[in-house]
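User: I am new to reading protein structures and would like a close look at one part, with its surroundings explained in plain words. Could you walk me through it?

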Amino acid sequence: MNTLTLRRSDLPFWPTAALAVIAWLVAWFAAWPVSQWVAFDLLGLEPGSSFGEAVAFFCYDVPKVLLLLLGIVTIVSYLRSYVPPEKVRAALAGRGIVIGTASAAAFGVVTPFCSCSAVPLFIGFLQAGIPVGVTLAFLISSPLVNEVALVLLFGLFGPQIAVLYLVAGLSVAIIGGLILGRFPLERWIEPWVLAARDAGGQPEIVVAGPSTEERLREAWDSTRDLVRRVWPWVVIGIGVGAFIHGFVPTDTIVSIGGADNPFAVPIVVILAAPLYAGAAGVIPIVETLLDKGLPLGTVLAFMMATVAISLPEFVILRRVARIPLLLIFLAVVVMGILMVGFLFNALGL
Amino acid sequence: MLKIEVLGSGCANCQKLEKNAREAVALAGVEAEVSKVTDYAEIAARGVMTTPGLVIDGEVKSAGRIPSPGDIAEWLVASQ
């Protein structure tokens, strides 16, 4: 048994957590003065010059975005650990189509779920008698309303844009799920999935919930892994953002992507679809584009297309569903994103 | 001899859980065999919806999270 006590000699949990919070706050407030000092004193660049401003933007944005990711995603992951899909499934089973679809979309936002779980999750939902359309609403909103994107938008632009993004994403998922539900979807589900569903009697597994400390530890571990995975994209994204910020004239961007150009929204969606960089890399670009006067609808469409349309996810879903279903799924998501873009632009938000 | 099964398609999280499970076996000093279940129908039949899942002697201990080697070691000792 004495080997088991080894891990107890790890750093004490709560003091370490408190220190981490203090370090985070210090870094957060130091980022702006340090970035100014690096760009204009250490490197001796001219304030107001294109290059100087681009460098200062870069030096401020990299720590700012990484700190936001580390801090807020840890908290979000912790909170989400209380809403596992097993609970969601129980809540969704036996609801009407409209309420079921709306709740599925809402749960898609808060439920922790990595795309490698898509197949067992899909089967698990069907096993509980949840219709395919409702299940797809969950699978649309889960990547579309990306929690990383949400917290970054909140941190960088404030609550208004974050809420608009949330509402737009949920609407796409709900309306998409309802439209998808009108199709004979079961025809395009792989037979082995239906067999697994009808085998029924899936055991209701009861897993002991982890303690608060374990939840926080795991939230921190998964956030650290996430940041380790995405930081190069963040740096590249901020580099592109810094370049646009410093060198690309506002007029150029607005004339290409402005609200007057009706093709702007479809063009950004097509551009974004193969860019599976993930939300963390896209937000810094989004930040600059908004800053340069691109309308919110176009920018949101760009961001949603980047995070929601991903080839890897379609490859995974292909294991449970045939091509026609995937194509309809794709078409509904793309139409939803286009509608969000046009609607927000038309409203002049 | 305990039977540990790691449920998952082989993504990074599943590999990490398998590593933790092996460390846990060493920590707990028990005899155990670690195997992987990658077949989706089989995973679904266990009632696990979110991978990675951890099963010890047929009992699902965790799903959708990566318990630490210490936690797994405690389960192993308790299941003995």
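What follows is a request about one helix and an answer that starts there and moves outward.

Which residues of α16(A) are buried, and which elements do they pack against?

Analyst: Happy to help! This is a predicted model, in which local features need pLDDT of at least 70 and side-chain atom pairs count only at pLDDT 80 or more, while totals for chains, interfaces and linings use all residues. Residues are numbered from 1 along each chain as its sequence is written, and chains are lettered from A and ligands numbered from 1 in the order in which they are written.

Let us begin with the helix itself. Helices (H or I, at least four residues) and strands (E, at least two) are DSSP runs, numbered from the N terminus. Helix α16 of chain A covers residues 323–347, 25 residues in total. From first C-alpha to last it reaches 36 Å, close to the 36 Å expected at 1.5 Å a residue; that expected span is 1.5 Å times one less than the number of residues. After the helix comes A:Gly348, with a positive phi near 65°.

Now for your first question. A residue is buried if 20 or more other C-beta atoms lie within 10 Å of its own, exposed if 12 or fewer, and partly exposed in between, with C-beta atoms placed from the backbone. In α16(A) the buried residues are A:Leu325, A:Phe329, A:Val332, A:Val333, A:Val334, A:Gly336, A:Ile337, A:Val340, A:Gly341, A:Phe344 and A:Asn345. As for your second question, they pack against α6 (132–144), α8 (159–181), α12 (264–272) and α14 (296–308) of chain A.

One of these buried residues leads us further inside. A nonpolar core is a set of buried Ala, Val, Leu, Ile, Met, Phe, Trp, Tyr and Cys residues joined through C-beta atoms within 7 Å. The largest has 110 residues, and A:Ile337 is among the four that touch the most other members, together with A:Leu300, A:Ala301 and A:Met304. Helix α2 (residues 50–80) of chain A gives the most to this core, eleven residues. Two residues are in contact if their C-beta atoms, placed from the backbone, lie within 7 Å. Leaving aside residues up to four places away in sequence, A:Met304 touches A:Leu144, A:Gly169, A:Ile337 and A:Val340.

Stepping back to the whole chain, chain A has 16 helices and zero strands. Of its 349 residues, 40% count as buried. Among its contacts between residues at least 6 apart in sequence, 86% join residues at least 24 apart.

For a contrast, look at A:Trp192 in helix α9 (residues 191–199) of chain A. Why is A:Trp192 partly exposed? Because 13 other C-beta atoms lie within 10 Å of it. A:Trp192 is 128 residues from A:Val320 in sequence, but their C-alpha atoms are 8.2 Å apart in space.

Finally, chain A has a neighbour. The contact takes 29 residues from chain A and 28 residues from chain B. On the side of chain B that touches chain A, α2(B) gives the most, with five residues. Chain B also holds an open sheet of four strands in the order β2-β1-β3-β4, with mixed pairing; two strands pair if DSSP finds at least two bridges between them. In that sheet, β3 (residues 53–56) and β4 of chain B pair in the antiparallel sense over four bridges.
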